[in-house]
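Biologist: I should like to discuss this structure with you, one question at a time. Please give the reasoning before each result.

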Amino acid sequence: REFLRTINHFAATLRESFLQQSNFELQLWNNYFHLAVAFLTQDSLQLENFSQAKRTSILAKYGDMRATIGAAIRDMWYNLGQRKIEFIPAMVGPILEMTLVPELELRRSTIPIFFDMMLCEYQLTKSFSRFEDELLRKLDSEVEGGRGDEQYKQLFESILLDCCRGHPQLAEPGESFVALVTGLLERLLDYRAVMNDENKTYSMSCTVNLL
């Protein structure tokens with residue numbers, strides 16, 4: 001709780017003193033995002049790994065601090081305005097890591113950041129290829145590391161499709177991108193599920209699908 005209070009104080013200082021054109025500090029903002037994501041993803045806050053009794057006790061005393069810091073990260077991202085492009089693609093990995101945390105409300109509130117990244121790059125270059133390449137690369141390693149599940153795949157698909165369809169210029173390329181990512185995610189999850197399976201035929205089939 002003290003770390004959370006300190007991070008929030010850091011965030012307020014950034015907004016007040018290091019956001020305007022004349023005093024913007026890219027490295028400080030980078031430090032904030034990496035610190036906040038590291039806080040959110042630390043083992044001691046992953047409540048689903050605890051017993052029901054311990055989970056209930058923590059929630060009663062502190063609430064789910066992941067949701068609190070997740071909302072703060074989201075708000076800080078939108079505060080960047082025109083500066084967002086300076087954080088693409090470097091921030092794609094940390095944001096992905098945050099959205100993969102298995103907490104429903106956290107996922108719902110932070111997955112839309114991906115669309116904002118797409119839109120930001122598209123408005124500047126008429127494509128979002130840097131964002132796309134980085135997301136696909138990071139998704140591979142994150143799922144292999146044990147993160148991601150069917151719920152995440154469904155949320156990613158529904159939220160980003162809704163966002164893309166609401167923007168005429170991104171509707172078509174956005175739908176293709178979402179289909180690509182969800183297809184890859186499905187194959188990665190299948191592959192991870194059978195990595196230690198003794199049924200070599202099914203394992204080989206998943207490998208072929210992924211390739």
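Biologist: Are Phe 156 and Phe 177 buried or exposed?

Modeller: The model is a predicted one. The term buried applies under 20% relative accessible area. Phe 156 meets that criterion, and Phe 177 does as well, so the answer for both residues is buried.

Biologist: How are the rings of Phe 156 and Phe 177 arranged, and which helices hold them?

Modeller: The ring centres are 6.4 Å apart and the planes stand at 55°, so the pair is tilted. The two residues lie 21 positions apart in the chain, and their pair links distant parts of it. Phe 156 belongs to helix 9 (residues 150-165), and Phe 177 to helix 10 (residues 171-194).

Biologist: What is the geometry of the aromatic pair formed by Phe 24 and Trp 29?

Modeller: The structure holds 13 aromatic pairs, and Phe 24 with Trp 29 is one of them. Planes under 30 degrees apart count as stacked. Here the angle between the planes is 20° and the centre-to-centre distance is 6.2 Å, so the pair is stacked.

Biologist: Why do Phe 24 and Trp 29 count as buried?

Modeller: The threshold is under 20% relative accessible area. Phe 24 counts as buried because its relative accessibility is 12%. For Trp 29, the value is 0%.

Biologist: Which residues form one aromatic cluster with Phe 24 and Trp 29?

Modeller: The cluster includes Phe 24 and Trp 29. The other members named with them are Phe 10, Tyr 32, Phe 33, Trp 77 and Phe 87.

Biologist: How many disulfides are there?

Modeller: A disulfide requires two cysteine sulfur atoms within 2.5 Å. For Cys 120, the nearest cysteine sulfur is that of Cys 164, 15 Å away. For Cys 163, the nearest is also that of Cys 164, at 6.8 Å. Neither Cys 120 nor Cys 163 is in a disulfide, and the count for the structure is 0.

Biologist: Over which ring does the charged end of Lys 54 sit, and how far from its centre?

Modeller: The charge lies over an aromatic ring. That ring belongs to Phe 50, and the distance to its centre is 4.3 Å.

Biologist: Where is Ile 69 placed, and with which residues is it in contact beyond its neighbours within four places in sequence?

Modeller: Ile 69 lies in helix 4 (residues 65-79), and it is buried because its relative accessible area is 0%. Its C-alpha is 8.3 Å from that of Val 37, a residue 32 places away in sequence. Leaving aside neighbours within four places, the contacts of Ile 69 are Leu 4, Ile 7, Asn 8, Tyr 32, Ala 36, Phe 39 and Leu 40.

How values were computed:
Residues are numbered from 1 along each chain as its sequence is written. This is a predicted model: local features need pLDDT of at least 70, side-chain atom pairs count only at pLDDT 80 or more; totals for chains, interfaces and linings use all residues. Side-chain values use heavy atoms; hydrogens and water are left out. Rings of Phe, Tyr and Trp (its six-membered ring) pair if their centres lie within 6.5 Å; planes under 30 degrees apart count as stacked, over 60 as edge-to-face and the rest as tilted. Buried means under 20% relative accessible area, exposed over 50%, partly exposed in between (1.4 Å probe, protein chains only). A charge sits over a ring if NZ of Lys or CZ of Arg is within 6 Å of the ring centre and within 35 degrees of the ring normal. Contact means heavy atoms within 4.5 Å.
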